[in-house]
Amino acid sequence: MATQKDLCDAIVIGAGIQGCFTAYHLAKHRKKVLLLEQFFLPHSRGSSHGQSRIIRKAYVEDFYTQMMDECYRIWAQLEQEAGTQLHRQTGLLLLGMKENSELKTIQATLSKQRVEHQYLSLEEMKQHFPNIQLSSGEVGILDRSGGVLYADKALRALQDAVRQLGGEVRDGEKVMEIKPGLPVVVKTASRSYQAKSLIITAGPWTNWLLRPLGIELPLQTLRINVCYWQEKVPGSYGASQAFPCFLGLGQAPHHIYGLPTGEYPGLMKVSYHHGNRADPDERDCPAARSDSQDVQALCRFVKNYLPGLKPEPAVMEHCMYTNTPDKHFILDRHPKYDNIVIGAGFSGHGFKLAPVVGKILYELSMKLTPSYDLTPFRISRFPGRGKAHL
């Protein structure tokens, strides 16, 4: 039996952005926390790697917009603690037909939550953003709070902060077995650990860990193409030229998004918010179904809307999404073992919200009253899921 000295308050499995923020909140509250990661850090096998992510308050659902207020504060706090820039405000431009229902709902949410934004007619768009070419009937809405998060830097800053606050980060340790109970026992390839509570933030590997614990969540792993496009005139789509992030609504079956140039000199990230099913352990193998349809949709979009970019991708990288059927997160306790907490299904839009997600997972693990209404994030919203094997 572990001595009190060896017993952690909490073990977090998975050192992506959600796991790192969870460990950060635990360590901030002087909890003895161990953060386990199966790969050696840094790595590109999960969902949180890469240089940049969009941050925004523009959402259809007002509960995300409300969460983002606190997220911005925590991002700023981490930036101050780390002494390095993690965020750049560029604005986020939503593009779509004037009557697009999603665009109208987002505008209503921004108004209701008193988020500063600007409606731009076709003529105003030509004036403000001449290097975006809209069609007749299309408009823009500018969420002024939007911008870019420097993802790689944020992960490093969090991992450093966890260590400085007394937490332990152990990479290259794949979890082989979880034994529920009090304490919960976590066996890795090299040793065993014990803790009062366990938080699973394992991305595409979540169900691999949960199946032996009697539940399987409706999660789908997708392999996403992350494409970069060369500017015809260097700097024309750069943040220094006040070019914003953007989100295209309705131009393709799924959203198309873009970030100003910066990661690679002269290359702008424009990607498709969807992909093909993938096995996370075979992520670098060719996809079973060709990726060409996604890339063709992007080529058409770039040619039609961004005439200052060459209409073929110059660089193509890959990342993983772990999607739920409704694209909302799972933030809940295991239905049988209440000291095992699950954070999963971040569906390609969880990075910006990780400061609050980490806080919620910390609160659940410590049996505190959650700061937010978790109804949209409970396992029970998926009928017949989660309890079938208990």
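## A walk through the model

Start by selecting Asn304, which is found in helix H7 (residues 292–305). The helices (H or I, at least four residues) and strands (E, at least two) on this tour are DSSP runs, numbered from the N terminus. Asn304 is partly exposed, with a relative accessible area of 44%. Buried means under 20% relative accessible area, exposed means over 50%, and partly exposed is in between (1.4 Å probe, protein chains only). Now add Glu37 to the selection: Asn304 and Glu37 are 267 residues apart in sequence and 42 Å apart in space, C-alpha to C-alpha.

Before you go on, know that this is a predicted model, where local features need pLDDT of at least 70 and side-chain atom pairs count only at pLDDT 80 or more, while totals for chains, interfaces and linings use all residues. Residues are numbered from 1 along each chain as its sequence is written, and side-chain values use heavy atoms, with hydrogens and water left out.

**Stop one: helices H1 and H8**

Two packed helices are described by the angle between their axes and the distance between the axes. Select residues 17–28 for helix H1 and residues 354–365 for helix H8: they pack at an angle of about 55°, with their axes 7 Å apart. Axes here are lines fitted to C-alpha atoms, for helices over the stretch in contact, and angles run from 0 to 180 degrees between N-to-C directions. H1 and H8 are therefore oblique to each other. The cut-offs: angles under 35 degrees count as roughly parallel, over 145 as roughly antiparallel, 65 to 115 as roughly perpendicular and the rest as oblique.

Next, show the side chains where they touch. H1 brings Ile17, Gln18, Phe21, Thr22, His25 and Leu26, while H8 brings Ala354, Pro355, Val357, Gly358, Lys359, Leu361, Tyr362 and Ser365. Contact means heavy atoms within 4.5 Å. Sorted by class, this contact of H1 with H8 has 8 nonpolar, 5 polar and 1 charged residues. For those classes, Ala, Val, Leu, Ile, Met, Phe, Trp, Tyr, Cys and Pro count as nonpolar, Asp, Glu, Lys and Arg as charged, and the others, Gly among them, as polar.

**Stop two: helix H2 and its partners**

Keep H1 on screen and add H2: these two pack at an angle of about 75°, with their axes 14 Å apart. H1 and H2 are therefore roughly perpendicular to each other. On the H1 side, pick out Ile17, Phe21, Tyr24, His25 and Lys28; on the H2 side, Ile74, Trp75, Gln77, Leu78 and Glu81. The class count for H1 with H2 is 6 nonpolar, 2 polar and 2 charged residues.

Now swap H1 for helix H5 (residues 151–164), which packs with H2 at an angle of about 70°, with their axes 10 Å apart. That makes H2 roughly perpendicular to H5. Look for Trp75, Leu78 and Ala82 in H2, which meet Ala154, Ala157 and Leu158 in H5. This contact has 6 nonpolar, no polar and no charged residues.

**Stop three: aromatic rings**

How many aromatic pairs does a search of the whole structure find? There are 15. Rings of Phe, Tyr and Trp (its six-membered ring) pair if their centres lie within 6.5 Å; planes under 30 degrees apart count as stacked, over 60 as edge-to-face and the rest as tilted.

Zoom in on Tyr64 and Phe329, a tilted pair at 5.3 Å centre to centre with 55° between the planes. The pair links distant parts of the chain: Tyr64 is in helix H2 (residues 62–82) and Phe329 in the loop between strand S18 (315–323) and strand S19 (330–333), 265 residues apart. Both Tyr64 and Phe329 are buried. Then try Tyr237 and Phe243, an edge-to-face pair at 5.0 Å centre to centre, with 80° between the planes. Tyr237 and Phe243 are both buried.

To see one aromatic cluster, select Tyr59, Phe63, Tyr64, Phe329, Phe346 and Phe377 together.

**Last stop: some loops**

In the loop between S18 and S19, find Lys327. Its phi is near 65°, a positive value in a residue other than glycine, and Lys327 is partly exposed, with a relative accessible area of 37%. Arg114 has a positive phi too, near 55°, and sits in the loop between helix H3 (101–112) and strand S6 (117–120). Arg114 is exposed, with a relative accessible area of 79%.

Finish at Pro183, in the loop between strand S10 (175–179) and strand S11 (184–188). The peptide bond leading from Leu182 to Pro183 is cis, with omega near 5°.
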